[in-house]
Amino acid sequence: MAKLLGNLSYAVLLGAVLLLVVLFGFHGALVGGEGSHFANGIFRFLHVLCGIMWIGLLYYFNFVQIPTMPKVPAELKPGVSKYIAPEALFWFRWAAAFTVLTGLIVAMLSGYLIEALTLQPGSRVIGLGMWLALIMAFNVWFVIWPNQKKALGIVEADADTKAKAATTAMIFSRTNTVLSLPMLYCMVSQGALGAV
């Protein structure tokens, strides 16, 4: 079991096989179901999966990495800044992109994309959640990532520029943490509380 689960690729493959068992054996989605309902369900699943990765990494940065880095001895910091942070930022930004993409596809397949984006009655709550997520994704790609590249030394920058970039990335990461709370509420409550 350790050999199977010790390898991330095998573990993900095992999860995918179990997903197929659920789809074929329990849900029946692939047998005799309507194509649009099946596609909507798959994209909802992918939206939630990518969203968990995105917001999970956002919370990792804000609740673990940022508060812990000042306590890390100087000789150990490169382990985080050269290896862990760049890898985490790769998954972070692509999870953000795919969360937004799959969310827009779900809204389109469900028939409320335009209504939500224009905050029309009946779709205001989900629309607000979508706008907050779009702002957050913009911050990830156009503020946090460019500044993190400087702060981590992925692109050339002097010490003052690195320090300023690290602060800017942190402030916008914290902004996303703040926005994530109402965004998540909007995303999960629209269906549960009814149309607003």
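The following questions and answers concern the two largest pockets of a predicted model.

Visitor: How much space lies in the largest pocket, and which helix gives the most to its lining?
Guide: The lining of this pocket draws at least two residues from each of α3 (35-68), α4 (77-110), α6 (124-151) and α7 (159-193). The space in the largest pocket comes to about 580 Å³, and the helix that gives the most to its lining, with 7 residues, is α3.

Visitor: Which residues lie nearest the centre of the largest pocket, and how many of its lining residues are charged?
Guide: Among the 24 residues that line the largest pocket, those nearest its centre are His47, Val48, Thr99, Ile126 and Met187. Sorted by class, the lining holds 17 nonpolar and 6 polar residues, and the number of charged residues is 1.

Visitor: Which residues lie nearest the centre of the second largest pocket, and how much space does that pocket hold?
Guide: The second largest pocket has a lining of 16 residues, and nearest its centre lie Val12, Leu49, Cys50, Met53 and Trp91. The space in this second largest pocket is about 470 Å³.

Visitor: Which helix gives the most to the lining of the second largest pocket?
Guide: The helices α2 (8-27), α3 and α4 each supply at least two residues of this lining. With 6 residues, the helix that gives the most is α3.

Visitor: How many residues of the lining of the second largest pocket are nonpolar?
Guide: When the residues of this lining are divided by class, no charged residues appear and 2 are polar. The nonpolar residues of the lining number 14.

How values were computed:
Residues numbered from 1 in each chain as written. Predicted model: local features only at pLDDT ≥ 70, side-chain atom pairs only at ≥ 80, totals over all residues. Heavy atoms only, no water. 1 Å grid on protein atoms, 1.4 Å probe; cavity = no way out; pocket = protein on both sides within 12 Å on 5 of 7 lines; lining within 4 Å. Points joined across faces, edges and corners; volume = space filled by probe spheres on them. Helix = DSSP H or I, 4+ residues; strand = E, 2+ residues; numbered from the N terminus. Nonpolar A, V, L, I, M, F, W, Y, C, P; charged D, E, K, R; others polar.
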